[in-house]
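Visitor: I have a structure to look through and would like to take it piece by piece. Could you answer some questions about it?

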Amino acid sequence: MIETDIIIIGAGPVGLFTVFEAGLLKLRCHLIDSLPQPGGQLTEIYPKKPIYDIPGYPTVDAGELIENLEAQIAPFKPTYTLGETAVSIEKDGDLHYIVTTNKGTRHRAPNIFIAGGLGVFEPRKPPIENIDEYEEKGVDYIIRDPKKFKDKKVVISGGGDSALDWAIYFVENEITAEVSLVHRRKEFRGHLDSVQKVIDYSNEGKINLITESEVVGLNGVEELNSVVIDSKTDGKYVKEVDNFIPLFGLKPKLGPIADWGLQIEKNAIKVDTTDYSTGIPGIYAVGDINTYEGKLKLILCGFHETTIAVQSAFKRIYPEKNLVLKYTTVNGVNGF
Ligand SMILES: Cc1cc2nc3c(=O)[nH]c(=O)nc-3n(C[C@H](O)[C@H](O)[C@H](O)COP(=O)(O)OP(=O)(O)OC[C@H]3O[C@@H](n4cnc5c(N)ncnc54)[C@H](O)[C@@H]3O)c2cc1C
């Protein structure tokens, strides 16, 4: 059993910053996330995109913001259960809760912060029968590290910005040996600039643009070595590849959070804005997962919410102690 002061469900930016604010009050935190790494949407969906509305940073890449948050919370030695989904919360005595994951890991604390964002991410998979067999063996739904595709023959599928941007990125950074972009229509849904760039690169022979076509089959013994493409004009044919990257987006699903007896409205948890509590003592909801009048799903709003909620969590553990706000400029950051 992992024991701590605050169990944080969701290691996105808001979950991570919770560790800092809790640490200033000498509260320890443990984070749970179904993804294998911290960072939430920023790491999973847009690590290379610049963010412009983080106070004090005119611009910061999403991935860099997560790295900075990890460095900022390091003095408070957070611990993690990663790659596991929190599936249940039970009461344990008057004060404590036990959170259990899908793999059976148990965590006990008097406070739970649900920082679950939009929920658990699931990729939208194309309807190819044996696609699950090739996951991590040539099929990727998300590009975490583009260098993985160095000198590979890659087929990207999709008609949105993600598919266009990655095809362009591979060409401009000379990553892949060959990049093909397969899309079932003639027209793309992405930004006009990106569409034009892809057409230009296609005319220059740098992108193999295959429209009005779909990837319908995958072959390979241990790993993927070819895809079957079904083209409106040429019919079915086999193309040798090292990697197939279908980029049809991720769909977040609220998942188990919906079953915890909390008040849910529009796929989010209703909270009291005095302290972002859920109505169940000791259970708070912060960041994109919560809703209240005037809610904005922005990182800086989540940072504010969790700062307030941590004060309330402290009072739940130490009702007799008087909490005095201390500036970090005066007190510094005293880790554990
Ligand atoms: C393309 C894009 C661009 C954006 N640009 C900006 C911007 O410029 N500025 C801005 O402020 N915001 C922006 N946002 C919004 C911003 O990303 C979110 O507001 C932010 O990620 C919310 O942080 P969070 O920590 O609340 O949740 P998330 O980042 O969603 O993290 C939640 C985490 O909880 C985990 N989780 C959920 N349920 C469970 C469970 N049951 N068990 C275990 N783990 C669970 C998930 O796996 C996830 O990692 C953008 C979003 C997108 C998609």
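Visitor: Which residues come nearest to the ligand?

Guide: Keep in mind that this is a predicted model. The ligand has 38 residues around it. Those that come nearest are Gly10, Gly12, Gly40, Gly117 and Gly287.

Visitor: How many residues of the shell around the ligand are charged?

Guide: Sorted by class, the shell has 21 nonpolar residues and 13 polar ones. Gly counts as polar here. The charged residues of the shell number four.

Visitor: Which helices and strands each supply at least two residues of that shell?

Guide: Across the protein there are seven helices and 23 strands to search. Both kinds of element contribute to the shell around the ligand. Those that each supply at least two residues are helix H1 (13–24), E3, helix H2 (40–44), strand E11 (120–123) and H6.

Visitor: What is the order of the strands in the open sheet of five?

Guide: Strands of a sheet pair through backbone hydrogen bonds, either parallel or antiparallel. In this open sheet the pairing is parallel. The order is E6-E3-E2-E10-E22.

Visitor: Which strands are at the edges?

Guide: An edge strand of this sheet pairs on one side only. Two strands fit that description: strand E6 (79–82) and strand E22 (283–285).

Visitor: Which residue of E6 is the bridge partner of isoleucine 32?

Guide: Strand E3 covers residues 29–33, and E3 is joined to E6 by four bridges, with the two running parallel. In E6, the partner of isoleucine 32 is threonine 81.

Visitor: What angle does the direction of helix H6 make with that of E10?

Guide: Helix H6 (residues 299–317) packs on the sheet. The strands touched by H6 are strand E2 (6–9), strand E10 (111–114) and E22. Between the directions of H6 and E10 the angle is about 165°.

Visitor: How many of the twelve residues of H1 are buried?

Guide: A residue is buried if 20 or more other C-beta atoms lie within 10 Å of its own C-beta. In H1 the residues that pass include Pro13, Leu16 and Phe20, and the buried residues of H1 pack against E2, E3, H2, helix H3 (62–73), E10 and H6. H1 is largely enclosed by the rest of the structure, because the number buried is eleven of the twelve.

Visitor: How far does H1 reach from its first C-alpha to its last?

Guide: At 1.5 Å a residue, the span expected for the twelve residues of H1 is 16 Å. The model comes close to that, with a reach of 17 Å.

Visitor: Which residue of E8 is the bridge partner of isoleucine 89?

Guide: Strand E7 (residues 86–92) and strand E8 (residues 96–101) run antiparallel and are joined by six bridges. Three residues lie between these strands in their hairpin, where glycine 93 has a positive phi near 75°. In E8, the partner of isoleucine 89 is valine 99.

Visitor: Which residue of E9 is the bridge partner of valine 99?

Guide: E8 also pairs with strand E9 (residues 106–109), in the antiparallel sense and over four bridges. The hairpin of E8 and E9 has four residues between the strands, and there glycine 104 takes a positive phi near 90°. In E9, the partner of valine 99 is histidine 107.

Visitor: Is glycine 159 buried or exposed?

Guide: Glycine 159 is in the loop between strand E12 (153–157) and helix H4 (161–172). Beyond neighbours within four places in sequence, glycine 159 is in contact with His183, Arg185, Phe188 and Arg189. Since 21 other C-beta atoms lie within 10 Å, glycine 159 is buried.

How values were computed. Residues numbered from 1 in each chain as written. Predicted model: local features only at pLDDT ≥ 70, side-chain atom pairs only at ≥ 80, totals over all residues. Pairing = 2+ DSSP bridges. Contact = placed C-beta atoms within 7 Å. Axes fitted to C-alpha atoms, helices over the stretch in contact; angles between N-to-C directions. Near = placed C-beta within 6 Å. Expected span 1.5 Å × (residues − 1).
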